[in-house]
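Q: Please take a close look at one part of this model, the packing around its last helix. A connected account of the contacts there would be welcome.

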Amino acid sequence: MVPGDSISAADLGFLDRDALPSPEAAVAAAGRLTLHEARDRFERDLILRTLAEQQGNMSRTAEVLGVERSNLYRKMKTFGIAPARRPEGEEEGV
């Protein structure tokens, strides 16, 4: 709350000057991802890392991520991630 209808830099004196964004930072912020884009990128990267850690095992990956396997497949399809192909006769272990 400030006297008058506008807030000036003097009204923000209690803030750490280093914490205030510079004009350059404001321009850079214009190129930021939206929350939705950032979440999708994070989810995609997390799925890829977890798949690699679990050597492509979908059941273990879904378990580690705390999601149903069908949801994992759906997310992978959305993000353009193809499940690893298993050699003929090799079943996915749980």
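A: The account below moves from the overall fold to the helix contacts, the nonpolar core and then single residues.

The model is a predicted one. The protein contains four helices and zero strands, so that its pattern along the sequence reads α-α-α-α. Of its 94 residues, 15% count as buried. Among contacts with a separation of 6 or more, 43% link residues 24 or more positions apart.

The contact of H4 with H3 is described here before that with H2. Helix H3 covers residues 58–65 and helix H4 covers residues 69–79; their axes come within 9 Å and cross at roughly 95°. Angles of 65 to 115 degrees count as roughly perpendicular, and H3 and H4 are therefore roughly perpendicular to each other. On the H3 side, the contact is made by Met58, Ser59, Thr61, Ala62 and Leu65. On the H4 side, Arg69, Leu72, Tyr73 and Met76 take part. By class, the residues of this contact divide into six nonpolar, two polar and one charged.

Helix H2, which spans residues 35–53, also packs against H4, at an angle of about 115° and with the axes 11 Å apart. The crossing of H2 and H4 is left-handed. From H2 come Asp40, Glu43, Arg44, Ile47 and Leu51, which meet Leu72, Lys75, Met76 and Phe79 of H4. This contact of H2 with H4 has five nonpolar, no polar and four charged residues. Leu72 and Met76 are listed in the contact of H4 with H3, and both are listed again in the contact of H4 with H2.

The nonpolar core can now be placed in this setting. The largest nonpolar core has eight residues, namely Ile47, Leu51, Met58, Ala62, Leu72, Met76, Phe79 and Ile81. H2, H3 and H4 are the elements that give two or more residues to this core, and H4 gives the most, with three residues. As a general background, nonpolar side chains tend to be buried together in soluble globular proteins.

One member of this core, Ile81, is found in the segment after H4. Its relative accessibility is 9%, and buried means under 20%, so Ile81 counts as buried. Beyond its neighbours within four places in sequence, Ile81 is in contact with Arg44, Ile47, Leu48, Leu51 and Met76. Arg44 and Ile81 are 37 residues apart along the chain, while their C-alpha atoms are separated by 8.3 Å. Arg44, Ile47 and Leu51 also appear on the H2 side of the contact with H4.

Thr50 adds a link between H2 and residues further along the chain. This residue is found in helix H2 and is buried, with a relative accessible area of 4%. Once neighbours within four places in sequence are left aside, Thr50 is in contact with Thr61, Val64 and Leu65. Of these partners, Thr61 and Leu65 also belong to the H3 side of the contact with H4.

The loop between H2 and H3 holds Gln55. Phi of Gln55 is near 50°, a positive value in a residue other than glycine. With 61% relative accessibility, Gln55 counts as exposed, whereas Thr50 and Ile81 are buried.

In summary, H4 meets H3 at roughly 95° and H2 at about 115°, and H4 supplies three residues to the largest nonpolar core.

Note on methods: Residues numbered from 1 in each chain as written. Predicted model: local features only at pLDDT ≥ 70, side-chain atom pairs only at ≥ 80, totals over all residues. Heavy atoms only, no water. Axes fitted to C-alpha atoms, helices over the stretch in contact; angles between N-to-C directions. Parallel < 35°, antiparallel > 145°, perpendicular 65-115°, else oblique. Contact = heavy atoms within 4.5 Å. Nonpolar A, V, L, I, M, F, W, Y, C, P; charged D, E, K, R; others polar. Left-handed = near helix turned anticlockwise from the far one by under 90°. Core = buried A, V, L, I, M, F, W, Y, C linked by side-chain atoms within 4.5 Å. Buried < 20%, exposed > 50% of the residue type's maximum accessible area, 1.4 Å probe, protein only.
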